[in-house]
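Let's go through this one by asking where each label comes from. Here it is.

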2 protein chains.
Amino acid sequence: MASSTAAPKAFIQQQNLVEQVADYLTQAIIQQHFLPGERLSEVQLSRDLGVSRAPVREAARLLESRGLLISKPRRGFFVRALNAVELEDVFDLRLCLERHAIQRLTERYTPEAQHALEQQVDALCEAAASNDVSRRIEEDLQFHRLILHYAGNERLLRAFDDLTHELRLCITLITKTHEAPDTIATSHFQLLEALNSGSPDVCRGAIDYHIGVARKFVVKGVGETGDSSDEESADEDVLSR
Amino acid sequence: MASSTAAPKAFIQQQNLVEQVADYLTQAIIQQHFLPGERLSEVQLSRDLGVSRAPVREAARLLESRGLLISKPRRGFFVRALNAVELEDVFDLRLCLERHAIQRLTERYTPEAQHALEQQVDALCEAAASNDVSRRIEEDLQFHRLILHYAGNERLLRAFDDLTHELRLCITLITKTHEAPDTIATSHFQLLEALNSGSPDVCRGAIDYHIGVARKFVVKGVGETGDSSDEESADEDVLSR
DNA sequence: TGTTGTAAAACTGTCGACAGTCGACAAAGC
DNA sequence: GCTTTGTCGACTGTCGACAGTTTTACAACA
């Protein structure tokens, strides 16, 4: 869907408007058609999408719960702008979840799981070889999602999915920086090997390293692009600095 | 709600129907005025509460994102019914989050945090001595929330808060079972001692034990009351079963 | 008596409209 | 010139209504 910012008119025709609007907004935010901190006008959106304001509002609330939007009473919805601290927090939580997941996975590592993960690494390598950055990101996330999935805790997976939305938000901020395909490959093969070893300690070390690299990569990227929260200060950041 | 984050709360918060409806629904669900699996009629609710359907729908979506309600297209919203497996998952995720939090807390344990936690244990003991079960639960949750809070990761805290909603859902299911006040006290003092020791390993052991006890307690309770998920349908979970 | 088809009822998804509120801008006061 | 106050426009919060769908009630039939 190469909808430019121009006129997405008649974009939406089927039912389930809320979800479609949510998808549209998600894509638009990730692809930076809406910039961080920008305000979304309900009226404008509903006009552009050809729907009424009700589904737009409900979709916006959905995205708010996913951390993509922030609502200010009587002011409307704003695209969330992650600052450096929040970014660190996201990666810290990701580490928390994935550590736990891979720990559980060692206890129930089936051939099926192994096969699925290996296949996913293949898909990831293929995507990395191509130039489709967003596809690479998705395959990468999907690999990690599989780890969470086979960890056998639905709620844990949901927490990861919730986090993933924010992860996309900051990952795509720095799509310019590009990892080498072979780096990506080896990086994930190491995780597979760790799982095959069956050792929880090895797995933990591997995931710590893996996420640590990703974190540095993204944090550095954001530092370069310099989001620098334009918003005035005094948000609800507790006792920071 | 305890202050904790010390937000400069607005003086007048009369408006915002959505939040009020959400609070009402949350309380009603927790107090089992609506039973698990029961369907909520938007029209009926809006009539009862004297508001239109729009804020009711938005509030319901909010609760859906919190895991208290489940929406089925063209069918409406239903009160979530946790089965035994989901309950185990909730406690497993809780363990995951609190382990990580207490680990972080050992690295930044300030006198302020210590003081706050000690005060909260006092409040908890006081609540336990009284007969107000729901207050005891809230003080207990608040103690754990403080651990997450002082762990210094806002996103981690949010994940915990999200989980807490579901936690309340199942905890209040078994309010009949009643822990002895002294048990509660010692159980939490142990956590304080572990934190004072400064040893991550000791803390981890303490939190593992603590949550393990709570888990057994609740799971046993649910087993007794026997929620017995009536629903049994194929969801769209990825390639699981 | 049990089953099936049909029609009414109830409900959700969506829409357009109205009223109160917020921010911007201009005019008035120091 | 800078601050304060009043007005205007735009927007959100909320409402009642309509259309399509699902559920339920009921009657006809085997």
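A residue is near a molecule or strand if its C-beta atom, placed from the backbone, lies within 6 Å of it. This is a predicted model, where local features need pLDDT of at least 70, side-chain atom pairs count only at pLDDT 80 or more, and totals for chains, interfaces and linings use all residues. Residues are numbered from 1 along each chain as its sequence is written, while chains are lettered from A and ligands numbered from 1 in the order in which they are written.

Q: Which residues come nearest to DNA strand D?
A: Of the 19 residues around the strand, A:Glu42, A:Gly76, B:Leu17, B:Val51 and B:Ser52 come nearest. The elements giving two or more residues to this surface are α2 (42-49) and α3 (53-65) of chain A plus α1 (17-30) and α3 (53-65) of chain B. Helices here are DSSP runs (H or I, at least four residues), numbered from the N terminus.

Q: Which element gives the most to the surface near DNA strand D?
A: That's α3(B), with three residues.

Q: What makes up the surface near DNA strand D by class?
A: Eight residues are nonpolar, five polar and six charged. Ala, Val, Leu, Ile, Met, Phe, Trp, Tyr, Cys and Pro count as nonpolar, Asp, Glu, Lys and Arg as charged, and the others, Gly among them, as polar.

Q: How many residues of chain A are in contact with chain B?
A: 24 residues of chain A touch 26 of chain B, where contact puts the C-beta atoms, placed from the backbone, within 7 Å. On the chain A side, α4(A) gives the most, with eight residues.

Q: Why is the relation of chain A to chain B called a two-fold axis?
A: Chain A can be laid on chain B by a turn of 180° and a shift of 0.0 Å along the axis, with an RMSD of 0.1 Å. Therefore the relation is that of a two-fold axis. The same surface serves both copies, as 92% of the contact residues of chain A recur in chain B.

Q: Why is α4(A) called oblique to α4(B)?
A: The two helices pack at an angle of about 125°, with their axes 10 Å apart. Angles under 35 degrees count as roughly parallel, over 145 as roughly antiparallel, 65 to 115 as roughly perpendicular and the rest as oblique, so α4(A) is oblique to α4(B).

Q: Which residues make the contact of α4(A) with α4(B)?
A: A:Cys96, A:Leu97 and A:His100 meet B:Cys96, B:Leu97 and B:His100. By class, this contact has four nonpolar, two polar and no charged residues.

Note on methods: Two residues are in contact if their C-beta atoms, placed from the backbone, lie within 7 Å. Copies are superposed by least squares on the C-alpha atoms of residues with pLDDT of at least 70 in both. Axes are lines fitted to C-alpha atoms, for helices over the stretch in contact, and angles run from 0 to 180 degrees between N-to-C directions.
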